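Visitor: I would like a close look at a single part of this structure, taken slowly and with its surroundings. Could you choose one helix and follow its contacts outward?

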Amino acid sequence: MKRRDFLKQSAFVSIGGLLLPSQLLSSCKKDSLFEEIKFDGKVLIIGAGAAGLYAGYLLQSKGIDFQILEAGANYGGRLGKLTGFANFPVDLGAQWLHGKNSIVGDLIKSSKTKITIDESSTVFWFNNQLISTLPKNPYIFEDKNLPDISFKDYAVQKGLGTEYKNIIENIAGDQGAAASLLSVYFNNLEEKNWSSGDDDYKFEETYFDLIDKQIATPVKNKIRENTIVKKIDYSLDTIVITDSENNIYNADKVIITVPITVLKSNDIEFLPGLSSVKTTAFSKIGMGAGMKVFLKFSNKFFDENIIGGNICAAYADESIGKIQDDNILLAFIMGDQADYLTSLGSDNAITAALLQELDQMYNGAASASFIGSHVQNYTTNPFIKGAYSYSTIGMGDSRKIAAQSIDKKIYFAGEAMNINGHHQTVHGAIETGYREVINMLNDLKK
Amino acid sequence: MTRQLLFILMLTIASAANAQEFNGGVSYQYISATQWNKIIQTYNFSRPFMVQKQPLFSGGGSVSFTKLFTKHKHISSGVCFSYAFVKSKSTNENFINTLNLHFINIGYTIRYSDIDKAKAAFGEISFSAATSGLFRNVNGASFIYDDAKSKAFGIGGNINFKAGYWINVNKKFDCAPYLNVGYCPYLYAPNTEVVINETRGLIGKDHTGIFNAQIGLMIRKNSN
């Protein structure tokens, strides 16, 4: 064989060799999923929080018909914005971006949204004085071989006495729970999947603004507010949804994104009824009380973060990360403390209790410079009923079971349904929103 | 990484004492990794705000070296080393996302050839340890969070089949166009989903199989 002939032949064989696998694998080589799927049915999304809005945004981008039913008067769920109270917009709900390695991080980059890392300092209210360092390290909940007991009991086991009670409440409160209800074992197990990063960031505007501008705006005309879903009948091919005004909505698929408390309390009736396995899974996912109280003062007498109060275990300077600098102190109240303050019965009583505690910490400076307050109590909101989900003692695979779809018709999303460590977060809710759209389209392929 | 490279270099030098043949090659490499494709597809599907989609990992460049140091009739054997680089880049407004994927394979190769002839077809089978490193750049810089680069490493095993034909170029060198087809049935790279889709355990497995094919050119010093 002549060299020229050989080169021709080898080139032919080589190109063929490369093209063959390309052809064989062509079905796997599309840039995006479901490019070939055409779905002419209708999807109803229940709940216009981060998960519901994102599911709608995604369906819209794929040209799939959908509608979002929101029980409340406004979309956003546990995201919100308060204007006019301070000289900067205040986050009524979620306000920290927990780690930037997430889909929200990508959204922030692509939209050039301004965020800053929160590196604020902390003082502790400990034995009736403010100190910058605690005698013992209370952050003991990420160890190996942790038992399935509460944070409260584990802290006692590890020698953290009653003087650390409110510090432990703060650590558990960050996870949305009272220290007596949060499982050391399951919380740690779920945290191991966390992949977004540990730094916290604050928005120059608000978290709500990002979701509103980038996600909600394109789907606003598909949101029907003040629509309280009472019944979902999925016994026939077409799913029939009934609201509190007896209006009927038909759909081929339903994505439920309501808070876990709404499912736990059977506010929505399912026909056929949900299995006991499903309802037990709902019941094992915790969601405690939560509220945010914004206190406005004429001067800044307070530290950037104050941890360990008896009325409120976590205060934070709300102006950090904002362009303007009104003196706004956020009282971030969770679990038993939120239950107690709710029981006081009025916003004025809640504010008075917080001022009294701050006066004790700062020798009367709080009352002396107090201007006003705004109470945002998520516990008393009938469509939310709490802060965010947490890992209970003995919860096992409850999130996984709760998140499983029913009959390829009913899908579950929302932060509580996040099974990959990002529950309690906006980006975790968004992940479940797109996960369930993917699951739904996968079911159509089968 | 530097330590591994130094080890390979030492191994190559040590084996040179009895070396019969040293080959070097460059190639275009095609890869297909099902699980990684799925992660990128999910990334693209879930982010409609990215107008330009992230391409799947497919084509890249590769360099390889083989040191043959034993011979029995037409069979010779030795160590092989290869490095490959595959890039996936999407350019969107304010957001240029680049995934840089590196592979290093180190293994043992067995070659059949009629080495007495300057012109000779040859075939090779090699078994190697495969390692991968995936890094993410955003807007031209390493994506850093928590003071560390976004990265995922992988480890597995690889089998490759290579066929080529030596051609005498001049008195000093022979060259061989070749075709290589390889398969890594199991590359354990648990952090890949964290780097690409910024989730863990949402999409699926922490390992992937990788098919690869290369077309390239090898060169060796003429033994005649």
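Guide: What follows starts from one helix of chain A and moves from its two helix partners to the neighbouring sheet, the chain contact and some further pairings. Please keep in mind throughout that this is a predicted model.

The helix is α2(A), which covers residues 50–61 and packs with helix α7 (residues 207–216) of chain A at an angle of about 25°, the two axes being 10 Å apart. Since angles under 35 degrees count as roughly parallel, α2(A) is therefore roughly parallel to α7(A). In passing α7(A), α2(A) makes a left-handed crossing. The residues that meet here are Ala50(A), Leu53(A), Tyr54(A) and Tyr57(A) on the side of α2(A), and Ile211(A), Ile215(A) and Ala216(A) on the side of α7(A). Sorted by class, this contact of α2(A) with α7(A) has 7 nonpolar residues, with no polar and no charged ones. The spacing along a helix is worth recalling at this point: an α-helix has 3.6 residues a turn, so residues three or four places apart point the same way.

The second partner is α14(A), and here the axes of α2(A) and α14(A) come within 7 Å and cross at roughly 40°. That angle makes α2(A) oblique to α14(A), and the crossing of these two helices is right-handed. From α2(A), the contact takes in Ala50(A), Ala51(A), Gly52(A), Tyr54(A), Ala55(A), Leu58(A) and Leu59(A). Across from them, α14(A) brings Val426(A), Ala429(A), Ile430(A), Thr432(A), Gly433(A), Tyr434(A), Glu436(A) and Val437(A). By class, the contact of α2(A) with α14(A) has 11 nonpolar, 3 polar and 1 charged residues. Ala50(A) and Tyr54(A) appear in the contact with α7(A) and also in the contact with α14(A).

From α14(A) the path leads on to a sheet, for α14(A) lies across β14 and β23 of chain A and runs at about 155° to β23(A). These strands belong to an open sheet of 5 strands in chain A, with parallel pairing and the order β10-β2-β1-β14-β23. At its edges stand β10 (223–224) and β23 (410–412) of chain A, each with a single partner strand, so one side of each is left without a neighbour in the sheet. Strand β14 (residues 253–256) of chain A runs parallel to β23(A) and is joined to it by 3 bridges, with Ile256(A) standing opposite Phe412(A) in β23(A).

Both α2 and α14 of chain A also have a part in the contact with chain B. That contact takes 43 residues from chain A and 38 residues from chain B. On the side of chain A that touches chain B, the elements that give two or more residues are α1 (3–24), α2, α3 (103–111) and α14 (426–445) of chain A. Of these, α1(A) gives the most, with 8 residues. The residues of this side of chain A divide into 14 nonpolar, 17 polar and 12 charged.

Turning to pairings elsewhere in chain A, strand β11 (residues 229–233) pairs with strand β12 (residues 239–243) in the antiparallel sense over 4 bridges. In this pair Lys231(A) stands opposite Thr242(A) in β12(A), and the two strands form a hairpin with 5 residues between them. β12(A) in turn pairs in the antiparallel sense, over 4 bridges, with strand β13 (residues 248–251) of chain A, where Ile241(A) stands opposite Tyr249(A) in β13(A). β12(A) and β13(A) form a hairpin with 4 residues between them, and Asn246(A) in the turn has a positive phi of about 65°.

A further hairpin is made by β7(A) and β8(A), with 2 residues between the strands and a positive phi of about 50° at Asn127(A) in the turn. Strand β7 (residues 123–126) of chain A also runs parallel to strand β18 (residues 305–307) of chain A, to which it is joined by 2 bridges.

Conventions
Residues numbered from 1 in each chain as written. Chains lettered and ligands numbered in written order. Predicted model: local features only at pLDDT ≥ 70, side-chain atom pairs only at ≥ 80, totals over all residues. Pairing = 2+ DSSP bridges. Axes fitted to C-alpha atoms, helices over the stretch in contact; angles between N-to-C directions. Parallel < 35°, antiparallel > 145°, perpendicular 65-115°, else oblique. Left-handed = near helix turned anticlockwise from the far one by under 90°. Contact = placed C-beta atoms within 7 Å. Nonpolar A, V, L, I, M, F, W, Y, C, P; charged D, E, K, R; others polar.
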